[in-house]
Amino acid sequence: MNKNIVILGTQWGDEGKGKIVDFLSSNSAYVVRYHGGHNAGHTLVVNGKKIILHLIPSGLLYPNVIGIISNGVVISPFELVKEIEMLEKNNYFINERLFISESAPLILPYHIAMDLAREKKLGINAIGTTGRGIGPAYEDKIARRALRIGDLKNTKELSIKLEVIVDYYNNQLVSFYKQKSISYKEILKDLLKVKDLIFNMIKDTSTILHKAIKDKKRIIFEGAQGTLLDIDHGTYPYVTSSSSTTGGVITGTGIGPKHLGYVLGITKAYTTRVGKGPFPTELFDEIDNYLSKKGKEFGSTTGRKRRTGWLDGVALRYAVKINSLSALCITKLDVLDDLEEIKICISYKDINTSKIYKDFSVFNLENITPVYEVHPGWKEKTSGIKRIEDLPEAARNYIKRIEEIAQIPVDIISTGPDRSDTILVKTLFF
Ligand code: IMP
């Protein structure tokens with residue numbers, strides 16, 4: 001088996017991927033973001049200090065790791081520069097070891113304006129996007145009119161293309177959405193300011209990765225959002241606009257499937273979701289309050305309160321299939337420490353016919369109710385535990401049951417936000 005690792009979320013995002021990417025990066029040469037944009041929020045805690053990354057690969061906090069933002073990502077150059085500066089303020093210097101794909105589409109102010117205007121117009125039917133312009137930027141890519149990072153290399157061409165596209169969007173923004181128009185000259189001026197700061201990072205990243213593979217360097221592919229937010233396989237239309245599943249790694253980087261050795265599905269010990277859309281195991285009671293508070297379930301990008309619920313085994317089995325997962329990493333186990341009992345959804349029941357469904361179908365989430373299995377809580381502190389044998393028996397049984405439901409092993413357990421609060425159940429490749 002080759003050494004490369006895909007790390008992605010099995011739920012609706014916010015599973016704690018950033019921490020695990022950071023943790024596994026110490027033994028890797030490259031970390032690659034392959035889709036999404038600055039809608040993601042990856043929270044890392046190193047020596048008690050919190051760093052939130054939106055666009056820059058999480059592994060870059062290790063000084064020897066090379067970071068790549070590949071063609072599948074939509075990049076706001078302004079946010080990118082802000083994040084580089086934030087890292088510099090925190091004494092992480094990454095300029096020489098961050099490369100961005102020349103083919104990655106740009107997110108520009110008109111995408112953000114369109115995202116917000118559309119959500120406003122949708123009213124109660126809004127998707128609940130992060131308002132970062134993600135959907136409109138991917139639309140431009142698919143419609144073959146996007147400006148891409150590589151366009152920053154030719155100012156004259158950039159200016160011509162920008163004027164055309166801003167005109168296209170101003171028509172919609174002003175006439176249809178009754179919003180203010182956008183000035184292409186201002187965008188151009190701002191782009192010319194940031195261009196020089198990232199110019200040397202612009203590369204053919206697929207070629208860099210193929211060379212890394214040839215040199216037998218380990219690559220981590222870092223997913224954002226989660227399986228159920230995937231544009232094809234998620235709870236459409238309440239999804240993001242990119243491929244957050246394993247398939248996205250292939251198209252989003254230019255690396256073939258035989259180079260993906262191990263696919264790790266990050267799964268929170270319960271479930272959360274931000275934005276609208278179906279959520280079969282959602283809770284509305286005091287357990288919701290408990291999980292929000294104890295799990296600090298507020299969005300790291302938008303600050304919104306996350307909806308919370310029990311672990312959904314039906315959705316988890318779906319994520320195992322869609323992503324060809326090799327193993328799971330269970331995060332935030334310690335958040336469940338104070339609960340009397342813990343539930344896992346093992347199937348769905350049709351509320352009209354009582355028919356039981358064991359398989360997840362995005363077309364069948366409206367008239368179903370979860371069927372739960374109840375497990376005793378452990379009522380003991382697990383935060384910071386570093387060896388599986390030190391976990392209380394009930395917590396070990398909970399993990400064992402997740403393995404049975406998912407039919408794959410749990411290789412890592414996270415028991416707190418810090419890098420060091422991690423149980424490596426199995427020695428991975430180190
Ligand atoms: P968009 O990606 O901003 O277009 O938002 C589409 C949906 O995906 C909304 O429900 C967002 O809340 C959700 N979403 C986008 N990024 C994340 C994330 O990083 N974590 C969790 N949910 C996200």
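This section describes the ligand site, the cysteines and selected residues of a predicted model.

The ligand is surrounded by 16 residues. The closest are Asp14, Asn39, Thr130, Thr240 and Arg304. By class, the shell divides into six nonpolar, eight polar and two charged residues. Several polar atoms approach the ligand through its oxygen atoms. A polar atom in the side chain of Asn39 is 2.9 Å from a ligand oxygen. For Arg304, a side-chain N or O atom lies 3.0 Å from an oxygen atom of the ligand. Gly128 takes part through its backbone: a polar atom there is 3.3 Å from an oxygen atom of the ligand. On its own, the ligand has 460 Å² of accessible area, and the protein covers 97% of this.

Helix α1 spans residues 17–25. All nine of its nine residues are buried, so the helix is largely enclosed by the rest of the structure. The buried set consists of Lys17, Gly18, Lys19, Ile20, Val21, Asp22, Phe23, Leu24 and Ser25. Two lysines, Lys17 and Lys19, are thus among the buried residues of α1.

Glu15 sits in the loop between β1 (5–9) and α1. Its relative accessibility is 0%, so Glu15 counts as buried. The side chain of Glu15 makes polar contacts with backbone nitrogens. One is the nitrogen of Gln11, reached at 2.8 Å. Another is the nitrogen of Thr10, reached at 3.4 Å. Neighbours within four places in sequence aside, Glu15 is in contact with Gly9, Thr10, Gln225, Gly226, Ile266, Thr267, Lys268 and Thr331. The loop residue Glu15 thus touches residues from distant parts of the numbering, including Gln225, Ile266 and Thr331.

Ser58 occupies another loop, the one between β4 (49–53) and β5 (66–69). Ser58 has a relative accessible area of 0% and is therefore buried. Its side chain is joined to that of Glu222 by a polar contact of 2.5 Å. Glu222 is also listed among the contacts of Ser58 beyond four places in sequence. The others are Gly18, Val21, Asp22, His42, Leu44 and Leu53. Three of these contacts, Gly18, Val21 and Asp22, belong to the buried residues of α1. Ser58 thereby links its loop to that helix by contact.

Lys141 offers a contrast in exposure. This residue lies in helix α4 (residues 134–142). Its relative accessible area is 33%, so Lys141 is partly exposed. The cut-off for a buried residue is under 20%, and that for an exposed one is over 50%. Lys141 touches Asn71, Gly72, Pro105 and Ala146, with residues up to four places away in sequence not counted. Leu106 is 35 residues from Lys141 along the chain, and the C-alpha atoms of the two are separated by 9.1 Å.

The cysteines were examined for disulfides. A disulfide is a covalent bond between the sulfur atoms of two cysteines. A search of the whole structure finds zero. Cys329 has 0% relative accessibility and so counts as buried. Cys345 likewise counts as buried, because its relative accessibility is 0%.

Definitions and conventions: Residues are numbered from 1 along each chain as its sequence is written. This is a predicted model: local features need pLDDT of at least 70, side-chain atom pairs count only at pLDDT 80 or more; totals for chains, interfaces and linings use all residues. Side-chain values use heavy atoms; hydrogens and water are left out. A residue is near a molecule or strand if one of its heavy atoms lies within 4 Å of it. A polar contact is a pair of N or O atoms within 3.5 Å; within protein, one must be able to donate a hydrogen and the other to accept it, and residues adjacent in sequence count only if both atoms are side-chain atoms. Accessible areas come from the Shrake-Rupley method with a 1.4 Å probe; for residues, only the protein chains shown count as cover. Ala, Val, Leu, Ile, Met, Phe, Trp, Tyr, Cys and Pro count as nonpolar, Asp, Glu, Lys and Arg as charged, and the others, Gly among them, as polar. A disulfide is a pair of cysteine sulfur atoms within 2.5 Å. Buried means under 20% relative accessible area, exposed over 50%, partly exposed in between (1.4 Å probe, protein chains only). Helices (H or I, at least four residues) and strands (E, at least two) are DSSP runs, numbered from the N terminus. Contact means heavy atoms within 4.5 Å.
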